[in-house]
Amino acid sequence: MDLISILTLFVLAIFVGFEIITKVPPTLHTPLMSGSNAISGITIVGAILAAGAEGLAGESSLFLWLGLAAVIFATVNVVGGFMVTHRMLAMFQKK
Amino acid sequence: MQNIINVAYLVASILFIYGMKGLTHPRTAVRGNLTGATGMGLAMLAVLLDPGVEKYQWIIIGLLVGGSVGAVLAKRVEMTRMPELVALFNGFGGLASILVAGAAVYKPSIALPVGYTTAQYYQANIATAATGLIGGVTFFGSLVAFIKLAEIALGGSVRIPGKTVINALLVLGCIAFGVLLVMDPSNSLYYWGIVVLASILGVTLTVPIGGADMPVVIALLNSYSGLAAAATGFVLSNNVLIIAGSLVGASGLILTGIMCKAMNRSLTNVLFGAMAEGEIASADEVYAGKVKSTSADEISMLLDGVSRVVIVPGYGMAVAQAQHAVRDMANLLEAQGVEVEYAIHPVAGRMPGHMNVLLAEADVPYEKLLEMDQINPTLEQVDVAFVVGANDVVNPDARTNPDSPIAGMPIIDVDKCRTVVVIKRSLSPGFAGIPNPLFAMDNTLMFFADAKKAFQEISASIKENM
């Protein structure tokens, strides 16, 4: 993809973000934050690309360690984020 | 294959948009969160099919370790500890972005396709520098927020002399390393230089902010973690990272705006300024001889025959873990036909929506949690208002004294209630560091006690009198 289409995507996505989050009731401020925080763990896609790449002969394997660490931290972010959000929302719903 | 993967990324992006939209309405919030999680699962399945992914052992180990740590943290954490957990998860997202861009520095083929163009080359390198900067600020900023919220250290507002100059130098240093990195991306030292300076910047930006300003910072860091993911998306030219990251960046900014508005302060003021300077009356002048203290028995007598009670919680309720004791007293009153409601200030607590989460944990139905604007016009008809560990958000000076440092901040007008009971351990000031004339008012009674104990005693006393 060329730079212009990728920039277009970025700007439009920001606008979509502003449009969908308009009025948030205060009750949902924390769940919205932790839920969107889990979505920002999308970096996991990049982490998987890094940790799954094949090292070439004579190449430093440092990228693998960075990739592995990235997968771990991104997964904590994703799994923990969605689960904790679900736990909070379940409390709001049980009545 | 690449087409299938890209279609899956597109579907995942749509699921993220629906998920975030769902999270903004109480009825659809659970479904919204599950929709977001489904999108994430789909994006992860799709990337596993990427031809660049050739080995699976490290990925599986990482997923297992990270997944179990995340699950245990999410299951075990107490609701009162939620702000610091959210801050920590947020930081991990930023850290993951730093590590991914770092991996691409050592192995450019992760970021650049075979036969890449010059434009792609510059895009990836500039984005790598940006990821190091945003990721470093996000990770260390969140870490400092975590340390503050968990009350490990750095409590309150810590002064850093000359912080504006220091921050400006750090940003300039990051830009300088960024230029060097773009000119010679094979030198990984330039990348780590950016990360180190950005990390220091994350610390110097967050350390001076404390107390009641924390909800703003948490919301802002949330936004940064999204931008860090989007920047990583530019490194890898990956659609789903850019879309998901921008969505989070935008929603975090909106929340930040809501929090700033609730304090009548601009974002720059929260980030760079101290509280506004103003005429500060001394505590003695405000309180001397006018503060009346009370006891549980007196309060239970006061509650005899009332028809409307409002509870105003603040950070002190979270510290004392008093939400269940508060709810128990409310149940007793409701059994006697008293109408009990909760008035929630938008920045009460240390995280947006902090009080709502705690009270929901204690089974308080959310229809009883009223926003400031809803409850303020009706406060004159309230017989007794309980202020539980809140201070600056009920300080009438904000409304009546134009010289006050918090002048103009919207507050909950509890001083208009017939009687105000303030439950607080001492007369110590809140985050703004100013005395609160509410405590010295004729219709105010102070109950100096730990909030949890206080409500347990009041409940016991109500039962005795029944």
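1. The loop between α13 (315-320) and α14 (323-335) of chain B is the place of B:Gln321. In this predicted model, B:Gln321 has a positive phi of about 50 degrees, although it is not a glycine. Is B:Gln321 buried or exposed? Neither term applies in full: the residue is partly exposed, with 17 other C-beta atoms within 10 Å. A count of 20 or more would be needed for a residue to be called buried.

2. A second residue deserves the same attention. B:Asp363 is not a glycine, yet it has a positive phi of about 65 degrees. Its place is in the loop between α15 and β3 of chain B. B:Asp363 has 13 C-beta neighbours inside 10 Å and therefore counts as partly exposed; the label "exposed" is kept for residues with 12 or fewer.

3. The loop that holds B:Asp363 leads into the next topic. Helix α15 (residues 354-361) of chain B joins with β2(B) and β3(B) to make a β-α-β unit. What is the handedness of this unit? The unit is right-handed.

4. The two strands of that unit also pair with each other. β2(B) and strand β3 (residues 369-371) of chain B run in the parallel sense and are linked over three bridges. Within this pairing, B:Ile344 has B:Glu371 in β3(B) as its bridge partner.

5. β2(B) is paired with another strand as well. Strand β1 (residues 308-313) of chain B pairs with β2(B) in the parallel sense, over four bridges. Two of the residue pairs may be located in the structure: B:Val309 has B:Val340 in β2(B) as its bridge partner, and B:Ile311 is matched in β2(B) by B:Tyr342. For the student, a general remark may help: strands of a sheet pair through backbone hydrogen bonds, either parallel or antiparallel.

6. How much of strand β2 (residues 339-344) of chain B is buried? Five of its six residues are buried, and the strand is mostly covered.

7. These strands belong to a wider arrangement. Chain B has an open sheet of six strands in the order β3-β2-β1-β4-β5-β6, with parallel pairing. Which strands of chain B stand at the edges? They are β3 and β6 (444-448) of chain B; each has a single partner strand, so one side of each is left without a neighbour in the sheet. From one strand to the next, the twist averages 25 degrees. α15(B) packs on the sheet and touches β1, β2 and β3 of chain B. The direction of α15(B) makes about 145 degrees with that of β2(B).

8. Chain A should be described separately. It has four helices and zero strands, and its pattern along the sequence is α-α-α-α. What is the radius of gyration of chain A? The value is 18 Å, whereas a compact globule of 95 residues would have one near 12 Å. The C-alpha atoms of chain A fill a box of roughly 60 × 35 × 15 Å along the principal axes.

9. Two percentages complete the account of chain A. Of its 95 residues, 63% are buried. Among contacts in chain A with a separation of 6 or more, 62% come from residues 24 or more positions apart.

10. Finally, the two chains touch. The contact takes 77 residues from chain A and 99 residues from chain B. On the side of chain B that touches chain A, the residues divide into 63 nonpolar, 29 polar and seven charged.

Definitions and conventions: Residues numbered from 1 in each chain as written. Chains lettered and ligands numbered in written order. Predicted model: local features only at pLDDT ≥ 70, side-chain atom pairs only at ≥ 80, totals over all residues. Rg over C-alpha atoms; globule rule 2.2 N^0.38 Å. Contact = placed C-beta atoms within 7 Å. Nonpolar A, V, L, I, M, F, W, Y, C, P; charged D, E, K, R; others polar. Pairing = 2+ DSSP bridges. Right-handed = clockwise from strand over helix to strand, strands pointing away. Axes fitted to C-alpha atoms, helices over the stretch in contact; angles between N-to-C directions.
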